[in-house]
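User: Please take a close look at one part of this model, the open sheet and the helices that pack on it. A connected account with the criteria stated would be appreciated.

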Amino acid sequence: MIKAPRGTRDLLPPDTALWNHVEATVRDVFRAYNFQEIRTPIFEDTALFARGVGEETDIVSKEMYTWEDRGRAESDKGQSLTLRPENTAGTVRAYIEHKLWDRGLNKLYYIGPQFRRERPQKGRYRQFYQIGAEVIGPTASGSESPARDAEVLEMLATLLDRLGITNWTLELNSVGTPADRVKFNEALRAALDPVKEKMCTDCQRRAVTNPLRVFDCKVPEDQPIIETLPRITQFLGEDSRQHFEAVQTILRSVGVDFHINDRLVRGLDYYTRTAFEFTHGALGAQNAILGGGRYDGLSEALGGPAAPGIGFAIGEDRLVMSLQERTPAESVLRKPDVYIAPMATMNAEGARLARELRRQNLIVELGDEAFRLKKSFEAASKAGAKYILIVGENEVKAEAFALKNLSSGEQVQVPRAELAQRIKEG
Ligand code: HAM
């Protein structure tokens with residue numbers, strides 16, 4: 001038997017109803033903040049992620065699905081392509097490619113699959129789904145203002161509240177400007193130099209190439225050493241410090257609780273200043289329900305104009321998981337309003353009636369003339385229909401049908417023209 005590849009899974013009904021409920025709520029909330037949807041390709045030029053996310057990150061160095069294309073056309077040959085591991089780089093690429101600043105499009109959101117070859121476990125998949133949003137804008141458009149950071153964080157708090165997700169913690173940090181980080185990296189290198197030999201091979205390499213990435217290390221034996229390393233907070237310049245303070249002031253004013261975590265550096269290289277994660281208690285080891293931050297230099301790194309940005313991505317798989325206990329999928333799924341049971345030779349009439357009722361926005365499950373009445377009743381209850389409607393020759397002639405409520409057992413004769421209304425009234 002062929003199974004879905006490791007780390008991927010089928011999302012089945014009724015769970016898909018919960019996914020749709022989440023996505024509908026997301027679209028509604030994001031609209032209130034005037035975000036609009038963007039859909040970028042699922043694969044991109046590999047260089048986009050190498051340059052955007054960073055060569056030394058785990059994502060780029062270990063986890064990408066990359067292949068060399070082998071099209072017939074000369075232009076396709078040998079191009080290195082990668083399934084997107086995240087959607088910020090693609091969004092900024094599209095922002096630059098279509099000069100979206102000219103169209104005033106600077107608040108974009110996306111919903112879709114991402115791919116990372118990670119070790120699968122609860123809440124961690126190789127194909128997973130992200131719901132993300134990005135605010136990108138030319139300098140002096142307000143996109144670099146701490147008001148944008150606070151607005152995005154407040155939007156997330158609103159979304160989680162609206163979905164009924166409680167028990168989340170907002171972990172907040174500032175990772176400073178690239179200039180701040182030059183000093184931080186120097187201090188890290190100096191601190192790592194005498195101890196790096198005792199660390200894992202990844203950390204030994206990181207200590208030389210990109211010391212900040214040492215904080216991504218998950219090897220338990222390395223943690224006591226990492227604990228002693230300097231913190232970014234000690235190296236923030238005055239501008240970064242003020243920006244960070246201003247974000248916090250607005251968050252306090254709008255009543256969004258947060259927790260400062262000066263160990264939080266995030267696993268992607270593009271971050272500047274504000275970095276954050278929302279964690280959720282019930283998720284176990286993979287407890288980050290979403291992550292994000294500011295990326296003021298990303299557009300320039302990808303060959304675009306200066307365009308500071310801030311955004312986040314929610315792990316939709318994890319969001320749905322944290323929702324499942326309180327909101328069972330069945331509670332958001334609309335079951336069939338009516339099951340139509342055509343008697344012998346009545347399939348054509350049944351189809352006509354089903355068409356009429358579906359046009360009135362009812363959910364109709366249509367049976368078959370080959371079914372005996374008993375089988376139709378069984379099928380109607382299995383489908384969870386509220387009513388069963390019998391279509392026999394006499395009913396069609398009389399233009400009135402027997403409509404039976406499957407839970408109360410009550411049965412009434414209803415004229416054809418009144419059927420939809422009657423079913424809707426429940
Ligand atoms: P990230 O922290 O790599 O950030 O991913 C964001 C979220 O995606 C994580 O918090 C987690 O919920 C979910 N996620 C990541 N990997 C997996 C996985 N293998 N299985 C299930 N869920 C996963 C980014 O991707 C940035 N692009 C976010 C961002 C947007 N920063 C600024 N704008």
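Analyst: Two strands are taken as paired if DSSP finds at least two bridges between them. Strands (E, at least two residues) and helices (H or I, at least four) are DSSP runs, numbered from the N terminus. The model is predicted, so local features need pLDDT of at least 70 and side-chain atom pairs count only at pLDDT 80 or more, while totals for chains, interfaces and linings use all residues. Residues are numbered from 1 along each chain as its sequence is written, and side-chain values use heavy atoms, with hydrogens and water left out.

On these criteria, five strands form an open sheet with mixed pairing, in the order 13-12-14-15-16. The edges are held by strand 13 (364-366) and strand 16 (411-415); each has a single partner strand, so one side of each is left without a neighbour in the sheet. From one strand to the next the twist averages 25°, where angles run from 0 to 180 degrees between N-to-C directions and axes are lines fitted to C-alpha atoms, for helices over the stretch in contact.

At one of these edges, strand 15 (residues 400-405) and strand 16 run antiparallel and are joined by five bridges. Within this pairing, F401 stands opposite V414 of strand 16.

Two helices pack on the sheet, contact meaning heavy atoms within 4.5 Å. Helix 13 (residues 347-359) lies across strand 12 (338-342), strand 13, strand 14 (387-391) and strand 15, and runs at about 170° to strand 13. Helix 14 (residues 373-383) touches strand 12, strand 13, strand 14 and strand 15 as well. The direction of helix 14 makes about 150° with that of strand 14.

The sheet belongs to a protein with 16 helices and 16 strands. The C-alpha trace spans about 90 × 55 × 50 Å along its principal axes. The radius of gyration of the protein is 28 Å, whereas a compact globule of 426 residues would have one near 22 Å; the value is taken over C-alpha atoms, and the globule rule is 2.2 Å times the number of residues to the power 0.38.

Helices also pack on one another elsewhere in the chain. Helix 1 (residues 15-32) and helix 5 (residues 146-163), for example, pack at an angle of about 140° with their axes 10 Å apart.
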